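Here's a quick tour of a single chain, going from the overall fold down to a few backbone details. Have the viewer open while you read.

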Amino acid sequence: QVQLVESGGGLVQPGGSLRLSCAASGNIFSINVMGWYRQAPGKQRELVATITSGQTTNYNDSVKGRFTISRDNAKRTVYLQMNSLKSEDTAVYYCNQEIKSRSWQGWSTYWGQGTQVTVSS
């Protein structure tokens, strides 16, 4: 079994910063792409950022220049540094990792439980 545990959400004022973390544990042979998604009330879940095992990153246009995704492979953890936060960044943030539990198995996608980020004065 594989589990993703997120941390770091909370309430922050506009212009503030937060750092999200998502650590994977369990039966893990290899991790491919790691990412962050978010879902605001009444809206569909959307991609925020992804990072490949080769450190290639991809960002939603709305967060470019403000958010930074990074990963620590030894800790099986993906981070999302969020700066210059806006009210429209308010959402539940979910992490996502593509994991292979055995060398001969295919990739499976796992999700974290979600962490609330609220940007408000």
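## Contacts and overall fold

Take the contacts in the chain between residues at least 6 apart in sequence: 56% of them join residues at least 24 apart. Keep in mind that this is a predicted model.

As for secondary structure, the chain has 0 helices and 11 strands, so reading from the N terminus you just get β-β-β-β-β-β-β-β-β-β-β. The radius of gyration is 14 Å, close to the 14 Å from the globule rule for 121 residues, so the chain is as compact as a globular protein of that length. The C-alpha trace spans about 50 × 25 × 25 Å along its principal axes.

## Surface and charge

How much of the chain is buried? Of its 121 residues, 40% count as buried. The chain exposes about 6400 Å², with 45% of that supplied by carbon and sulfur atoms.

If you're thinking about electrostatics, there are 12 positive and 7 negative side chains. The centres of these two sets sit 6 Å apart.

## Strand β11 and its neighbours

Strand β11 covers residues 115-119, and its side chains alternate. Thr 115, Val 117 and Val 119 point to one face and are buried, while Gln 116 and Thr 118 point to the other face and are not buried. That fits the usual picture: in a regular strand, side chains alternate between the two faces of the sheet.

Which strands pair with β11, and in what sense? Strand β2 (residues 10-12) pairs with β11 in the parallel sense, over 3 bridges, and Leu 11 stands opposite Thr 118 of β11. Strand β9 (residues 91-100) pairs with β11 in the antiparallel sense, also over 3 bridges. Here Val 92 has Gln 116 of β11 as its bridge partner. Thr 118 and Gln 116, the residues in these two pairings, are the ones on the face of β11 that is not buried.

## Two positive phi angles

Now for some backbone details worth a look. Most residues other than glycine have a negative phi. Gln 55 isn't a glycine, yet has a positive phi of about 75 degrees. You'll find Gln 55 in the loop between β5 (46-51) and β6 (57-59), where it is partly exposed at a relative accessible area of 43%.

Arg 76 is another non-glycine with a positive phi, this time about 55 degrees. Arg 76 lies in the loop between β7 (67-72) and β8 (77-82). With 29% relative accessibility, Arg 76 counts as partly exposed.

How values were computed:
Residues numbered from 1 in each chain as written. Predicted model: local features only at pLDDT ≥ 70, side-chain atom pairs only at ≥ 80, totals over all residues. Heavy atoms only, no water. Helix = DSSP H or I, 4+ residues; strand = E, 2+ residues; numbered from the N terminus. Rg over C-alpha atoms; globule rule 2.2 N^0.38 Å. Buried < 20%, exposed > 50% of the residue type's maximum accessible area, 1.4 Å probe, protein only. Contact = heavy atoms within 4.5 Å. Areas by Shrake-Rupley, 256 points an atom, 1.4 Å probe, with all protein chains shown as cover. Lys, Arg positive; Asp, Glu negative; His and termini not counted. Charge placed at Lys NZ, Arg CZ, Asp CG, Glu CD. Pairing = 2+ DSSP bridges.
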